[in-house]
Every structure is written in structure tokens, then in C-alpha cells.
Amino acid sequence: MNSRIIAELADSFFKLLMPGIRITIPLTVISFVLGLIIALMTALVQVAKIPVLKQIARFYVWIIRGTPMIVQLFVVYFGLPSIGVRLDPFPSAIIVFSLSVGAYCSETVRATIEAVDKGQMEAGYCLGLNFWQTMKLIVLPQAFVTAFPPLSNSLIGLVKDTSLAYSVAIVEILASAQRIAARTYDYFWLYLEAGFIYLMFCTVLTLLQRKIEKKIGSYRQE
């Protein structure tokens, strides 16, 4: 690596970092929060065994898990305009990423809810609570402890998946690297630099995950 490349990489670092802060992080946070809400609703509908809604939830999970995310992005951003529905790039990405997180995390949430001892539900009923109150006050807090590690992994995975947003004209980290590389022709080093920034974000999340897991573990022991 010669001095010219080093200078260009130093100059491009913040040009890649800023889209990560302005676009990648908000896109990840908003999509993950909305996705968790969808996941919780989808899981509870299945656990509660509400006939019609349960089948709709399963169909939704089947569709999202069975199709590539980039295809979903193309359907929402490029496909919907053909039937009169036009969305800007950022909302399109939010919709797709949220639905994806919701589908995958719903299975995690459902599994952890079902893993909670059935006696907990019976205890809630004995206290005069209904199904939803028992879920909220007794079952879900216990399920969350078990679900936290896989949900955290989904968050870290989402950070990397946001790189697909370049396909619908969102200028995030990867798209910024492509634009700079098209001018400098240093594709190899710029893509490595983009990967390094993604690695930085994921490393911070991983460290936070471990810290929270330790706290959860200490609560379990008390």
C-alpha cells in the first residue's frame, strides 16, 4: 500500500463513516424496533392459537423467510409503483427490514415463550390474571431473558443487511464506497474500508451484548 492510497483511505474514512451514522444506524434502529413489535405480535397470535390470525401469521413468516431480502426490496421499491404505490427509498427499506426482522425474531420469541414452564401460566390464572395479563407480567419477562442473545444476534445481522439498501438508491456505507471507488478506482481498499466500518459497528454491539448478558446472568443468580 503506497502513500497515495493511505492518504485517500484516510480522506474517505469519514466520508464512509458519516453515512453510517446518518443512514445505517437510524435505518437499523427504526427497523429493529418496528420488527420487534411485529415479532411480538406474531408470536403471541400463534401462542394464543387465535385460528385465523394464527394462519395469517404463519403465512407471513413463510413468505418472508422463504424469499431473499433483496427481492423484497425490489418488489416494494420498484414493483409497487406499477400498481400505483410509490414510496421513497428510506421508507421502502424500513418496511422490508422491519418485516424481515419481525418474521425471523417472531420464531425466536415464540420458542422462548413456549419454553417457559407451563406452571407459570397456571400460576397467573390462580392469581386471577387473564391470558394477556399473565403473558405481560409473568411469561414475557422470563422469555426475554432467554431470547436476548438470539435477538441481539439478529440486531447485529441487521446492521450488515442494511448494506442491501444501496440497491434502492439509499446512500449508506457501501453505496458511498462505490461512489468514491468509481472516481479513484481503488475498489479493493475502499471495500475493505467499508467492511471495517461495518465491523466497528458490529463490534460495539457485540460488546454491549456481552455486558448486558453478564448483568442478566447476575440477576439469575440472585
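Asp, Glu, Lys and Arg count here as charged, while Ala, Val, Leu, Ile, Met, Phe, Trp, Tyr, Cys and Pro count as nonpolar and the others as polar. That division is used below for the linings of two pockets in a predicted model.

The protein chain holds eight helices and zero strands. Read from the N terminus, its elements run α-α-α-α-α-α-α-α. Along the principal axes, the C-alpha atoms occupy a box of roughly 70 × 50 × 25 Å.

The largest pocket encloses about 390 Å³ of space. Its lining consists of 18 residues, and those nearest the centre of the pocket are Phe32, Leu36, Phe144, Phe148 and Leu151. Four helices each supply at least two lining residues: α1 (3–48), α4 (89–115), α6 (131–161) and α8 (187–221). Of these, α6 gives the most, with nine residues. By class, the lining of the largest pocket has 15 nonpolar residues, three polar ones and no charged ones.

The second largest pocket has about 220 Å³ of space. Its lining is made up of Val47, Lys49, Ile113, Glu114, Val116, Asp117, Lys118, Met121, Phe131, Met135 and Val139. Here seven residues are nonpolar, none is polar and four are charged. Under the definition given at the start, Lys49, Glu114, Asp117 and Lys118 are charged because Lys, Glu and Asp belong to that class. At least two residues of this lining come from each of α4, α5 (118–126) and α6. Again α6 gives the most, this time with three residues.

Helix α6 therefore deserves a closer look, as it gives the most to the lining of the largest pocket and to that of the second largest pocket, with the helix itself defined as a DSSP run. At the start of α6, a side-chain oxygen of Asn130 comes to within 3.1 Å of the backbone nitrogen of Trp132. Further along, the helix bends by about 50° at Ala147, and Pro149, a proline, follows within four residues. How far does α6 span between its end C-alpha atoms? The span is only 36 Å, where a straight helix of 31 residues would span 45 Å at 1.5 Å a residue.

Helix α5 also has a feature at its N-terminal end. Asp117, one of the residues lining the second largest pocket, caps that end of α5, with a side-chain oxygen 2.6 Å from the backbone nitrogen of Gly119. After α5 comes Gly128, which has a positive phi near 90°.

Side chains of opposite charge can pair when their charged atoms come close. Over the whole structure, a search finds four salt bridges. One of them joins the side chains of Glu107 and Arg65, at 3.7 Å from N to O. This pair links distant parts of the chain, since Glu107 sits in helix α4 and Arg65 in helix α2 (residues 51–66), 42 residues apart.

Note on methods: Residues numbered from 1 in each chain as written. Predicted model: local features only at pLDDT ≥ 70, side-chain atom pairs only at ≥ 80, totals over all residues. Heavy atoms only, no water. 1 Å grid on protein atoms, 1.4 Å probe; cavity = no way out; pocket = protein on both sides within 12 Å on 5 of 7 lines; lining within 4 Å. Points joined across faces, edges and corners; volume = space filled by probe spheres on them. Expected span 1.5 Å × (residues − 1). Bend = angle between axes of the 7 residues up to and from the residue. Polar contact = N/O pair within 3.5 Å; in protein donor to acceptor, adjacent residues only side chain to side chain.
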